[in-house]
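The following exercises concern surface exposure, pockets and distances in a protein chain. Each task is followed by a solution in steps.

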Amino acid sequence: MPEWLNISIIALTQIIILFGLFGLIIPIFPGLVVIWLAILGYGIISGFSTLGIVVFSVATLLMLVGTIVDNLFMGVGARKGGASWSTIIVALLVGVIGTVIFPPL
């Protein structure tokens, strides 16, 4: 791969990761997933080495744990706001099903 293309791919990946980091401030925007997708895209384009697979695996675990913790915090906040447990569970299920049927772009 030419050096200019390699630098361009790295720069684009970094811009997408920064976009994901800034997106963590916005409640609806899935910043962790955007960061994970940027890492996945870079790995696919540049080829996964042994270290790359390990780093991607760690990034995947961090994304999954972060997403689960975020949903738990939202549920606890809703519960403190007066929502019932059944409402919280239904909202979580509808959110997951909606993401599968209408995935975010």
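A surface patch is made of residues with over 30% relative accessible area and no salt bridge, and nonpolar side chains are joined into a patch within 5 Å. The model shown is predicted.

**Exercise 1. The nonpolar patch**

Task: State which residues make the nonpolar surface patch, and determine whether I97 is buried, partly exposed or exposed.

Solution:
- Step 1. The patch is formed by W85, I89, L92, L93, V96, I97, V100, I101 and F102, and its area is about 980 Å².
- Step 2. One of these residues, I97, belongs to helix 4, which covers residues 85-101.
- Step 3. The relative accessible area of I97 is 49%. The partly exposed class lies between the limits of under 20% for buried and over 50% for exposed; I97 is therefore partly exposed.

**Exercise 2. Classifying further residues**

Task: Assign V94, V54, I10 and A78 to their helices and exposure classes.

Solution:
- Step 1. V94 is located in helix 4. Its relative accessibility is 55%, so V94 counts as exposed.
- Step 2. V54 is part of helix 3. With a relative accessible area of 46%, V54 is partly exposed.
- Step 3. I10 sits in helix 1, residues 3-23. Because its relative accessibility is 31%, I10 counts as partly exposed.
- Step 4. A78 is placed in helix 3. A relative accessibility of 31% makes A78 partly exposed.

**Exercise 3. The largest pocket**

Task: Describe the volume of the largest pocket, its lining and the helix that gives the most to this lining.

Solution:
- Step 1. The largest pocket holds about 1,200 Å³ of space.
- Step 2. Its lining consists of 33 residues, and those closest to the pocket centre are T67, D70, N71, M74 and T99.
- Step 3. At least two lining residues come from each of helix 2 (31-46), helix 3 (50-80) and helix 4.
- Step 4. Helix 3 contributes the most, with 10 residues.
- Step 5. Sorted by class, the lining comprises 24 nonpolar, eight polar and one charged residues.

**Exercise 4. The second largest pocket**

Task: Give the volume of the second largest pocket, name its lining residues and find which helix supplies the largest share.

Solution:
- Step 1. The volume of the second largest pocket is about 210 Å³.
- Step 2. Its lining is made up of T13, I17, I39, Y42, G43, S46, G47, F48, S49, L51, G52 and V55.
- Step 3. Helix 1, helix 2 and helix 3 are the elements that provide two or more residues to this lining.
- Step 4. Helix 2 supplies the largest share, four residues.
- Step 5. By class, six lining residues are nonpolar, six are polar and none is charged.

**Exercise 5. Separation along the chain and in space**

Task: For I10 and T50, V94 and A38, V54 and S8, and A78 and I88, set the separation along the chain beside the C-alpha distance.

Solution:
- Step 1. I10 and T50 are 40 residues apart along the chain, and their C-alpha atoms are separated by 19 Å.
- Step 2. Between V94 and A38, the chain separation is 56 residues and the C-alpha distance is 27 Å.
- Step 3. V54 and S8 lie 46 residues apart along the chain, with 24 Å between their C-alpha atoms.
- Step 4. For A78 and I88, a chain separation of 10 residues goes with a C-alpha distance of 7.3 Å.

Methods:
Residues are numbered from 1 along each chain as its sequence is written. This is a predicted model: local features need pLDDT of at least 70, side-chain atom pairs count only at pLDDT 80 or more; totals for chains, interfaces and linings use all residues. Side-chain values use heavy atoms; hydrogens and water are left out. Patches are made of residues with over 30% relative accessible area and no salt bridge: like charges are joined within 9 Å, nonpolar side chains (Val, Leu, Ile, Met, Phe, Trp, Tyr) within 5 Å. Accessible areas come from the Shrake-Rupley method with a 1.4 Å probe; for residues, only the protein chains shown count as cover. A salt bridge is a side-chain nitrogen of Lys or Arg within 4 Å of a carboxyl oxygen of Asp or Glu. Buried means under 20% relative accessible area, exposed over 50%, partly exposed in between (1.4 Å probe, protein chains only). On a 1 Å grid over the protein atoms alone, a cavity is a set of points where a 1.4 Å probe fits but cannot get out, and a pocket is an open set with protein on both sides within 12 Å along at least five of seven lines; lining residues have an atom within 4 Å of a point. Grid points are joined across faces, edges and corners, and a volume is the space filled by probe spheres set on the points. Ala, Val, Leu, Ile, Met, Phe, Trp, Tyr, Cys and Pro count as nonpolar, Asp, Glu, Lys and Arg as charged, and the others, Gly among them, as polar.
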